[in-house]
Amino acid sequence: MRDGGLLERFDAAHALAAIAPRPILIANNAADPRCPRAGVEEAVAAAAPAWAGHESNLRVLLDESIAPSPLPASEWAKGHVITAGMWREIDDFLRANLKGV
């Protein structure tokens, strides 16, 4: 099935760049099999130039507190891997950036 060029125009890096220069927190756990770290890093690197002059608005949280690589396939059905510490960072980011919204 053809995608009509959607992947070339609307991949993660394009979506991230469209958010710039507004604040964003990208949270990833290395153990998360649904969002491999390499893909997150690649998307962030490709989109980062869109935050030129606003670098402090691009926050990346790369957690390795559970494992340094994705969990085995037997664990995948449990969904995304988000720790309590990651939730605290996410909550803090939202409190700081959604005031008055």
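How many salt bridges does the structure hold? The structure holds four salt bridges, a salt bridge being a side-chain nitrogen of Lys or Arg within 4 Å of a carboxyl oxygen of Asp or Glu. Side chains of opposite charge can pair when their charged atoms come close.

This is a predicted model, in which local features need pLDDT of at least 70 and side-chain atom pairs count only at pLDDT 80 or more, while totals for chains, interfaces and linings use all residues. Residues are numbered from 1 along each chain as its sequence is written, and side-chain values use heavy atoms, leaving out hydrogens and water.

The table includes three of the salt bridges.

| Pair | Closest N to O |
|---|---|
| R59 and E89 | 2.3 Å |
| E75 and K78 | 2.7 Å |
| R95 and D92 | 3.1 Å |

R59 lies in strand β2 and E89 in helix α4 (residues 84-97), so their pair ties together parts that are 30 residues apart in sequence. Helices (H or I, at least four residues) and strands (E, at least two) are DSSP runs, numbered from the N terminus. R95 and D92, by contrast, are three residues apart in helix α4, separated by about one helical turn.

Accessibility is described as buried (under 20% relative accessible area), exposed (over 50%) or partly exposed (in between), with a 1.4 Å probe and protein chains only. K78 is exposed at 64%, whereas its partner E75 is partly exposed at 25%.

D63, in strand β2 (residues 58-63), is buried yet has no salt bridge. The nearest side chain of opposite charge, R37, is 6.4 Å away from D63.

Terms used:
Lys and Arg count as positive and Asp and Glu as negative; His and the chain ends are not counted.
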